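Me: I'm new to reading protein structures, and I'd like a close look at one part of this one. Could you walk me through the helix that holds one of the annotated active-site positions, and then show me how its surroundings fit together?

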Amino acid sequence: VAAAARRTLLADATARTARTRPRPDAPAPGAEAPAEPRRTIHDARNRTALPGAKVRDEGEEPVADATVNRAYTGLGATFALFRDAFGRDSMDGAGLPLIASVHYDEKYGNAFWNGEQMVFGDGDGEIFLDFTLPVDVIGHELAHGFTQYTANLEYFSQSGALNESVSDVFGSLVKQYALGQSADQADWLIGAGLFHPDVQGAALRSMKAPGTAYDDDVLGKDPQPAHMDDYVRTGQDNGGVHINSGIPNHAFYLAATELGGNAWERAGRIWYDVLTGGTLTPDTRFTEFAAATVRAARARYGDAAEIQAVTKAWAAVGVPT
Ligand code: ASN
Ligand code: ZN
């Protein structure tokens with residue numbers, strides 16, 4: 001069970017390779033403000049064929065199944081962050097319809113973006129509960145779509161850890177924006193409420209304190225580092241993409257809390273500018289990404305506190321800018 005559960009935590013979605021070509025970025029300035037999401041929720045009915053039966057379309061009333069409604073609301077919360085904070089119309093910047101399937105497979109202990117849609121398992125009920133419960137997990141999976149349509153970071157090694165981190169950053173921002181929490185008020189956890197109460201752990205990951213999210217008899221200890229000195233070299237998990245993401249995650253946390261206020265307003269905007277700025281390549285490494293955040297801070301805010309905060313944050317996790 002331990003090995004299986006750990007594999008799940010570090011899971012590698014085979015379907016992730018099913019990528020579509022990146023589309024052009026956001027509409028030209030002065031274009032109509034992006035309007036409303038176009039959401040469709042399907043029920044896979046505990047099988048693996050996708051997308052499954054359509055159960056709730058955009059604008060339709062809530063249904064009896066709370067999982068369906070949570071997915072619908074979480075998709076809406078993610079769309080709202082990207083629209084309101086960044087002026088982006090959906091994940092591709094061009095109104096991409098948001099599609100999710102819930103009740104995927106039996107007792108499936110994961111959620112993933114398959115290149116075209118989100119997929120959520122019910123969990124086994126012993127370690128994991130329903131993957132639609134944490135809104136930041138929904139935001140995380142959709143943010144994989146955002147990354148796919150922008151920097152398209154390759155899902156391996158350092159670029160893969162950046163890909164994972166970008167999903168945690170924007171997933172956490174979805175939750176913070178939905179709850180109206182400032183950087184100081186946020187828990188900076190990913191997946192709080194996902195573990196069964198018997199599991200010794202608060203969440204899947206902690207951006208505030210990577211390596212402390214769980215320490216459980218079955219799952220073992222959270223393997224995430226918070227500094228380059230502890231970077232994990234491994235062949236598992238695509239080169240540790242869910243492990244080493246702790247380093248850029250912590251850099252974002254440090255920059256956001258140093259700046260204070262709402263994390264989506266300045267730190268989040270800088271990270272967004274980096275992803276959409278066209279200077280990253282799919283094989284971008286930590287140092288290149290860090291340098292890009294400093295350039296983005298300078299471009300948007302000039303010689304100011306933002307540059308300082310970002311530079312200091314990366315230095316604190318051992319990544320030179
Ligand atoms: N939930 C995981 C993620 O989105 C699944 C995976 O790695 N494929 O990162
Ligand atoms: Zn991910």
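Reply: Here is a walk that starts at that helix and then moves outwards.

Keep in mind that this is a predicted model. The helix you want is α5, since that is where His242 lies, and His242 is one of the positions that UniProt lists as "active site" in an unreviewed entry.

So how much of α5 is buried? The helix runs over residues 237–244, and 7 of its 8 residues are buried, so the rest of the structure largely encloses it. If you want to click through them, the buried ones are Asp237, Asn238, Gly240, Val241, His242, Ile243 and Asn244. Take His242 as a worked example: a residue needs 20 or more other C-beta atoms within 10 Å to count as buried, and His242 has 23, so it makes the cut. As for what does the covering, α4 (157–179) and α6 (246–259) are among the elements that lie over the buried residues of α5.

Now for the partner position. UniProt's "active site" feature names Glu141 alongside His242. The two positions span 102 residues in sequence, yet their C-alpha atoms are no more than 13.2 Å apart, so they gather at one spot. Glu141 sits in another helix, α3, which covers residues 135–149. Glu141 is buried too, because it has 26 C-beta neighbours inside 10 Å. Leaving out residues up to four places away in sequence, Glu141 touches Ala111, Phe112, Trp113 and Met118.

Next, zoom out a bit. The protein is divided into domain 1, residues 2–149, and domain 2, residues 157–316. Where they meet, domain 1 puts in 30 residues and domain 2 puts in 34. On the domain 1 side, α1 (2–9), α2 (66–86) and α3 each supply at least two of the residues that touch domain 2. Which helix gives the most to that side? It's α3, with 9 residues, and you've already met α3 as the home of Glu141. Sort the domain 1 side by class and you get 19 nonpolar, 6 polar and 5 charged residues.

There's also a neat bit of helix packing to look at. Two packed helices are described by the angle between their axes and the distance between the axes. For α2 and α4, the angle is about 85° and the axes are 9 Å apart. That makes α2 roughly perpendicular to α4. From α2, the contact uses Ala77, Thr78, Ala80, Leu81 and Ala85, while α4 brings Leu173, Val174, Tyr177 and Ala178. By class, this contact has 8 nonpolar residues, 1 polar residue and no charged ones. And remember α4 from earlier: it is part of what covers the buried residues of α5.

UniProt has a domain label here as well: an unreviewed entry lists "domain: Peptidase M4" for residues 66–148. That stretch is 42% helix and 17% strand, and its end C-alpha atoms lie 29 Å apart.

Last, the view of the whole chain. You can count 9 helices and 9 strands in the protein. Of its 321 residues, 52% count as buried. Among contacts with a separation of 6 or more, 62% are between residues 24 or more positions apart. Back at α5, you can now place His242 in a helix that is largely enclosed, because 7 of its 8 residues are buried.

Note on methods:
Residues are numbered from 1 along each chain as its sequence is written. Chains are lettered from A and ligands numbered from 1 in the order in which they are written. This is a predicted model: local features need pLDDT of at least 70, side-chain atom pairs count only at pLDDT 80 or more; totals for chains, interfaces and linings use all residues. A residue is buried if 20 or more other C-beta atoms lie within 10 Å of its own, exposed if 12 or fewer, and partly exposed in between; C-beta atoms are placed from the backbone. Helices (H or I, at least four residues) and strands (E, at least two) are DSSP runs, numbered from the N terminus. Two residues are in contact if their C-beta atoms, placed from the backbone, lie within 7 Å. UniProt positions are given in the numbering used here, feature names are shortened, and annotations may be inferred rather than shown by experiment. Domain bounds come from an automatic or database domain assignment. Ala, Val, Leu, Ile, Met, Phe, Trp, Tyr, Cys and Pro count as nonpolar, Asp, Glu, Lys and Arg as charged, and the others, Gly among them, as polar. Axes are lines fitted to C-alpha atoms, for helices over the stretch in contact, and angles run from 0 to 180 degrees between N-to-C directions. Angles under 35 degrees count as roughly parallel, over 145 as roughly antiparallel, 65 to 115 as roughly perpendicular and the rest as oblique.
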